[in-house]
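Colleague: I would like to understand the reasons behind the words we use for a structure like this one. May I ask you about them one by one?

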Amino acid sequence: MVKKITLNSLASMKHSGEKITMITAYDATMANIASNNGIDILLVGDSLGMVCQGESSTVPVTIEEMCYHTRCVSKASNDAMVLSDLPFGSCATEEQTILNAIKLMRAGAEIVKLEGDRWLAPVITRLKQQGIPTCVHMGLTPQSVNVFGGYKVQGRDLEQANSMIASAIELEAAGAAMLVLECIPVTLAKDVTRSVSIPVVGIGAGPHTDGQVLVIYDMLNLTAGKLPRFVKNYMANAHTPQEAIRLYADEVRTCRFPALEHCFE
């Protein structure tokens, strides 16, 4: 019998070296398929702005839309954990962050994700005091794409890399339950993962993180246009979405994904 995935489950997986599988889900159908085919965490990502709504970035997505999709996913998540994004503009103040996180939890989220750095530490502590677990998204944070000047690999210079490691340690101390690292060099992701005791999930961050996440439409080869380097088309060797998701989960757990061609140096 499969047990419900909890923060304790994820902590045990990190401790034992068992890889964590995460995938995005935006509706009940995909949530049911993913949770029944080897996925530990369903990420209700604000990437829905691009893949569901046709926007050019995640910026237009609202907290009301995130709550709607979270509710859809949570109803069909079975034993998988539901992680939901706090979208652009929903964390302008600590009070606003807490109120919007409460909305996501009431919609069915079991943990909320914020994009940022060590400046999030005070609100992470307050959220934990309110019974709201947090995941911090570091590296390439899509909500800040206009500041970065595009979707660019982060942490390539020594100062940036050292700052990210220090931030990860500080965020764990503040109470963060998990980290997501996007588009950073393999060696930096390895150093961050080793520097903290909480689970670290990567996307375009190499094979040394505690787990991996992909956008479900990307890995099912349903996304129009050129896919990011870190994506693998799992439909190339599968007949159904169910088979593709099982293959992805198996390759993550056996450290066959990501391969060198999906990584950044």
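**Reasons behind the words**

Modeller: Please do, and keep in mind that this is a predicted model. Let us start with a pair of strands: in the pairing of β5 and strand β6 (residues 178-182), H137 stands opposite V180 in β6.

Colleague: What makes β5 and β6 a pair?

Modeller: Two strands pair if there are at least two bridges between them, and β5 and β6 have 5 bridges, in the parallel sense, so they are called a pair. Strand β4 (residues 111-115) also pairs with β5 in the parallel sense, over 4 bridges, and there the bridge partner of V112 is T134. Between these two strands the chain crosses from β4 through helix α6 (residues 121-129) to β5, in a β-α-β crossover that is right-handed.

Colleague: How is strand β5 placed, mostly covered or mostly open?

Modeller: Strand β5 (residues 134-139) is mostly covered, since 6 of its 6 residues are buried, and buried means under 20% relative accessible area.

Colleague: Why is T187 called exposed?

Modeller: The relative accessible area of T187 is 52%, and exposed means over 50%, so T187 is called exposed. This residue lies in helix α9 (residues 186-195), and its C-alpha atom is separated by 9.2 Å from that of F264, although the two are 77 residues apart along the chain.

Colleague: Why is the contact of Y248 and F257 called an edge-to-face aromatic pair?

Modeller: A pair of aromatic rings is described by the distance of the centres and the angle of the planes. Rings pair if their centres lie within 6.5 Å, and planes over 60 degrees apart count as edge-to-face; for Y248 and F257 the values are 6.1 Å centre to centre and 65° between the planes, so both conditions are met. Y248 and F257 are both buried, and together with Y234 they form one aromatic cluster. The structure holds 4 aromatic pairs.

Colleague: What is known about the largest pocket and the residues that line it?

Modeller: About 760 Å³ of space lies in the largest pocket. Of the 35 residues that line it, the closest to its centre are M50, E182, D218, P228 and F230, while the elements that give two or more residues to the lining are α3 (48-51), β4, β6 and α10 (216-219). By class, the lining has 19 nonpolar, 7 polar and 9 charged residues.

Definitions and conventions: Residues numbered from 1 in each chain as written. Predicted model: local features only at pLDDT ≥ 70, side-chain atom pairs only at ≥ 80, totals over all residues. Heavy atoms only, no water. Buried < 20%, exposed > 50% of the residue type's maximum accessible area, 1.4 Å probe, protein only. Right-handed = clockwise from strand over helix to strand, strands pointing away. 1 Å grid on protein atoms, 1.4 Å probe; cavity = no way out; pocket = protein on both sides within 12 Å on 5 of 7 lines; lining within 4 Å. Points joined across faces, edges and corners; volume = space filled by probe spheres on them. Nonpolar A, V, L, I, M, F, W, Y, C, P; charged D, E, K, R; others polar. Phe/Tyr/Trp six-rings, centres within 6.5 Å; stacked < 30°, edge-to-face > 60°.
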